[in-house]
Amino acid sequence: MSASLQKDLASTVVIAALLIWLMPMLISPYTLTVLIIYGMLGLSLGLIWGFGGILCFGQAAYFGLGAYTYAIAAINLGESTLPMLLAVLVPAGFAALLGGLMFYGRLTDVYLGVITLVVTLILFKFINSTAGPQYVIGTARLGGFNGIPGFQTLNIPGQPEAYIWGDAYFYVCAVLLALVFVLVTLLLRSSFGRIAVGIRENETRMSLMGYDVRARKTILFAIGAAIAGLAGALFANWGEIVTPSLFSLGQSAEIIIWCIVGGLGTRLGPILGAAGLAYLKFLLGQQSLVDNTLITGLILVLFVLFLPRGLVPAIADLWQAQKAARRGARGRGRRRQAPQRGAA
């Protein structure tokens, strides 16, 4: 493991520990939990779009699929360990199948975006139409537009009666987000991650170099879906109900806005964009004077016009400019002092 990677991982652990300790003093753990879940969802799209160049308009499909998979499995099994694993594997398998069809079909970015959006709308329409008693998987009724309530929430593995909720659930979600962040870091620092970035920059060149571009894009697409599925399962446990709104077009659009505002091509940007905009939406939800959608749209327009690269890259550029200015000031100071020492 390189020294830079060790330093990156160590700083991630330290900063995550400080935030987990400090943030509950500022915001209630219940609200922080959903912000963490949204941050994980934003990271799932930031990975495949920002580093793989795959613009997916249907990331909400995997978010909702993970939530529904968990709810259905939890009702049938009566505990949460296996349902949590299925909530990751089912969206990943679905994305691998869909991605294989799209990438090996050599679809361009425009058609890829349209297909992912259409798949999300199909799932949204289908789940909405499952209100009848005939729509049952095992003992779990899909419930249509009413959703699925009353399923087993997160518990200690092997102990279905030992529920994890409240502050403890916040810490579980925070640790899982930190773990996903570390795994994404390791992935991007590996040869697979570097090749994925190369595919984003010039797919034709990477193909001519002998890399199987389609297979690598399919794998990356499935990894992003797995992270979104995990976020969906955590959201189901937080809300204790899953509804078709998880598949909605508005949810898909919000995820894209989170990534744009936070900054594509960064690991931290989508997380901050998701948490920040979600908390702003929460604050705006306490009033009825201004529509939340109007504010979100205005923020997107302002960022596209004035900070097109996003918040995190803009802060990084400002920090680098300040460091360069300080080095320049120190250099000028040493040059002014040099003649004085020579004269003495």
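Let me start at Thr153, which sits in the loop that joins β3, residues 148–149, to β4, residues 155–156. What we are looking at is a predicted model, and I will keep to what can be read from it. Is Thr153 buried or exposed? With a relative accessible area of 14%, it counts as buried, because the cut-off for that word is under 20%. If we set aside residues up to four places away in sequence, Thr153 touches Tyr70, Ser80, Tyr163, Asn237 and Glu240.

Two of those partners are worth following, and I will take Glu240 before Tyr70. Glu240 lies in the loop between α9 and β6, the latter being residues 241–242, and it has a positive phi of about 60° although it is not a glycine. Arg106 also has a positive phi, again of about 60°, and it too is not a glycine. Where is Arg106 placed? You will find it in the loop between α4, residues 81–104, and α5, residues 109–128. At 62% relative accessibility Arg106 counts as exposed, since the cut-off for that word is over 50%.

Now to Tyr70, which belongs to helix α3. Its relative accessibility is 0%, and therefore it counts as buried. Not counting residues up to four places away in sequence, Tyr70 touches Ser80, Pro83, Met84, Ala87, Phe151, Gln152, Thr153, Leu154, Ala233, Ala236 and Asn237. For a sense of scale, the C-alpha atoms of Tyr70 and Arg214 are separated by 30 Å, with their positions 144 residues apart along the chain.

That brings us to the helix pair in which Tyr70 takes part. Two packed helices are described by the angle between their axes and the distance between the axes. For helix α3, residues 59–77, and helix α9, residues 213–239, the axes come within 7 Å and cross at roughly 50°. Because of that angle, α3 is oblique to α9. The crossing of these two helices is right-handed. Which residues of α3 make the contact? They are Gln59, Tyr62, Phe63, Gly66, Ala67 and Tyr70, and on the α9 side the contact includes Phe221, Gly224, Ala225, Ala228, Ala233, Phe235, Ala236 and Asn237. Sorted by class, the residues of this contact comprise 11 nonpolar, six polar and no charged.

A second helix pair can be described in the same terms, namely α11, residues 268–284, and α12, residues 292–306, whose axes come within 10 Å and cross at roughly 145°. The crossing of α11 and α12 is right-handed. Here Leu277, Leu280, Lys281 and Leu284 in α11 meet Asn292, Ile295 and Ile299 in α12. By class, that contact has five nonpolar residues, one polar and one charged.

Let me turn to the interior. In soluble globular proteins, nonpolar side chains tend to be buried together. In this model the largest nonpolar core has 83 residues, and those with the most contacts inside it are Phe221 and Val242. Which helix gives the most to this core? It is helix α2, residues 29–51, with 14 residues. As for Val242, if we leave aside its neighbours within four places in sequence, it is in contact with Ala67, Tyr68, Ala71, Gly147, Ile148, Phe151 and Ala236.

Helix α7, residues 191–201, is one more element to look at, and its buried residues are Phe192, Gly193, Ile195, Ala196, Gly198 and Ile199. What covers them includes α2, α6 (167–189), α8 (203–208) and α9. Ser191, also in α7, is partly exposed, with a relative accessible area of 45%. From Ser191 to Leu77 the C-alpha to C-alpha separation is 39 Å, and the two are 114 residues apart in sequence.

I will finish with Pro313, which is placed in helix α13, residues 311–343. Pro313 is buried, with a relative accessible area of 5%. Its contacts, not counting residues up to four places away in sequence, are with Gly262, Gly263 and Thr266. The C-alpha atoms of Pro313 and Pro157, which lie 156 residues apart along the chain, are separated by 40 Å.

How values were computed
Residues numbered from 1 in each chain as written. Predicted model: local features only at pLDDT ≥ 70, side-chain atom pairs only at ≥ 80, totals over all residues. Heavy atoms only, no water. Axes fitted to C-alpha atoms, helices over the stretch in contact; angles between N-to-C directions. Helix = DSSP H or I, 4+ residues; strand = E, 2+ residues; numbered from the N terminus. Parallel < 35°, antiparallel > 145°, perpendicular 65-115°, else oblique. Left-handed = near helix turned anticlockwise from the far one by under 90°. Contact = heavy atoms within 4.5 Å. Nonpolar A, V, L, I, M, F, W, Y, C, P; charged D, E, K, R; others polar. Core = buried A, V, L, I, M, F, W, Y, C linked by side-chain atoms within 4.5 Å. Buried < 20%, exposed > 50% of the residue type's maximum accessible area, 1.4 Å probe, protein only.
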